[in-house]
Amino acid sequence: MTNSSSSSSGQHVRLGAGDAEVTVDPGNGCRIGSLRVGGTELLRQGERYGCFPMVPWCGRIAEGVFRDGATEHRMPLNAPPHAIHGTGRDTAWRTARADATEASFVYDLAEPWPYSGRVTQAFELTEDALTLRLGVETYADSFPAQVGWHPWFRRTLDGGEEAVLDFAPAWQEERGADHIPTGRRIDPRPGPWDDCFGMPDGVAATLTWPGRLELTVTSRARWVVVYDEQEAAICVEPQSGPPNGLNTAPHLVTPIEPLELAATFAWRRLV
């Protein structure tokens, strides 16, 4: 049975399968507040951490400005001089359904986003994997959008060795001094990173906590951002487009073509 408990930001929804447990907080941006395997927490804790959805854009919009044809729109500069990570993480979502291992949540796009539409996020938990799905749909005007996830995986698990990240991107998006991709694709460089990488065959990245756990992030997304500049966590972020992609690689959501993306976090014990 799914358990729900009240919090300052609404009702937490808890899913369980085997010894895996997931807690979702729809009132706090529909973020995963906790992902525990065998009693061990895998996500950095805190109201701004966990794993949050990035929607209706991912990463930074340069100076908060994007264009839809000849129309210019300005988003609030929540990471001056840029706008970052969408509005979904700052929105209260509604629980559409929840049972022991699955749940889905929705919210309607609203100001400061200039277009109407609906966003859905769904979770499915098994004993060894969590699948996440995001969708954006419109029944009115078409608009550019992006979706993705920003998980904060703990760098160490309860005093163990630091996690090791393994992935093989085809390219790295060159990052300018303003943290916006320049438009050049370069050979991947060593970290630490706050950088976007291209994986045209789909995202596949593995975090290994030596002697403890191996976790693989997979998605048909062609871009992944890796952020590991903070000591506490390593972020592996599958997303439907690169930073500033509303301007450089827009995906158009139309009444007959929603934007949909899935990602899976799968794990196996090493002990």
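**Entry 1: Asp194**

I began at Asp194, which is found in strand S20 (residues 194-198); strands here are DSSP runs of E, at least two residues, numbered from the N terminus. Before going on, I noted that this is a predicted model, where local features need pLDDT of at least 70, side-chain atom pairs count only at pLDDT 80 or more, and totals for chains, interfaces and linings use all residues. I also noted that residues are numbered from 1 along each chain as its sequence is written, and that side-chain values use heavy atoms, with hydrogens and water left out.

Is Asp194 buried or exposed? Asp194 counts as buried because its relative accessibility is 13%; the cut-offs are under 20% relative accessible area for buried, over 50% for exposed, and partly exposed in between, with a 1.4 Å probe and protein chains only.

I then asked which side chain makes a polar contact with the side chain of Asp194. The partner is the side chain of His179, at 3.3 Å. A polar contact is a pair of N or O atoms within 3.5 Å; within protein, one must be able to donate a hydrogen and the other to accept it, and residues adjacent in sequence count only if both atoms are side-chain atoms.

Not counting residues up to four places away in sequence, Asp194 touches Arg60, Arg175, His179, Val225, Val226, Tyr227 and Glu229. Contact means heavy atoms within 4.5 Å.

**Entry 2: Arg175 and Asp195**

Next I looked at Arg175 again, this time for its charge pairing. The side chains of Arg175 and Asp195 meet in a salt bridge, 3.0 Å from N to O. Arg175 lies in strand S18 (residues 171-175) and Asp195 in strand S20, so this pair ties together parts that are 20 residues apart in sequence. The criterion is a side-chain nitrogen of Lys or Arg within 4 Å of a carboxyl oxygen of Asp or Glu.

I compared burial for the two partners. Asp195 is buried, with a relative accessible area of 6%, whereas Arg175 counts as partly exposed at 30%.

**Entry 3: other salt bridges**

How many salt bridges does the structure hold? I found 15. As a reminder to myself, side chains of opposite charge can pair when their charged atoms come close.

Arg36 forms one with Glu41, and the closest N and O atoms are 3.9 Å apart. Glu41 counts as buried at 7% relative accessibility, while Arg36 is partly exposed at 31%.

I also looked up Glu72 and Arg74, whose side chains meet in a salt bridge at 3.4 Å, N to O. Arg74 counts as exposed at 59%, and Glu72 as partly exposed at 39%. Together with Arg67, Glu72 and Arg74 are linked in a network of salt bridges.

**Entry 4: Val65**

Glu72 and Arg74 turned up again when I checked Val65. Leaving aside neighbours within four places in sequence, Val65 is in contact with Glu72, His73, Arg74 and Asn247. Val65 lies in strand S8 (residues 65-68) and counts as buried at 7% relative accessibility. I noted a C-alpha separation of 13 Å between Val65 and Pro144, which are 79 residues apart along the chain.

**Entry 5: His251**

Pro144 came up once more, now as one of the residues that His251 touches. The others are Phe143, Ala145, Glu257, Pro258 and Leu259, with residues up to four places away in sequence not counted. His251 is found in strand S25 (residues 251-253) and counts as partly exposed at 29% relative accessibility. His251 and Ser240 are 11 residues apart in sequence, and their C-alpha atoms are 8.3 Å apart in space.

**Entry 6: a sheet**

Which order do the strands of the open sheet of 8 strands take? I read the order as S11-S12-S13-S14-S26-S22-S21-S17, with antiparallel pairing. Strand S11 (94-98) and strand S17 (164-167) are the edge strands, each pairing on one side only. Two strands pair if DSSP finds at least two bridges between them.

At the S11 edge, 4 bridges join S11 to strand S12 (residues 102-108), and the two run antiparallel. Ala98 has Ala103 as its bridge partner in S12.

**Entry 7: cysteines**

Last, I checked for disulfides, meaning cysteine sulfur atoms within 2.5 Å of each other, and the structure holds 0. For Cys30, the nearest cysteine sulfur is that of Cys51, 10 Å away. Cys30 counts as buried at 0% relative accessibility. For Cys196, the nearest is that of Cys58, 9.4 Å away. Cys196 also counts as buried, at 3%.
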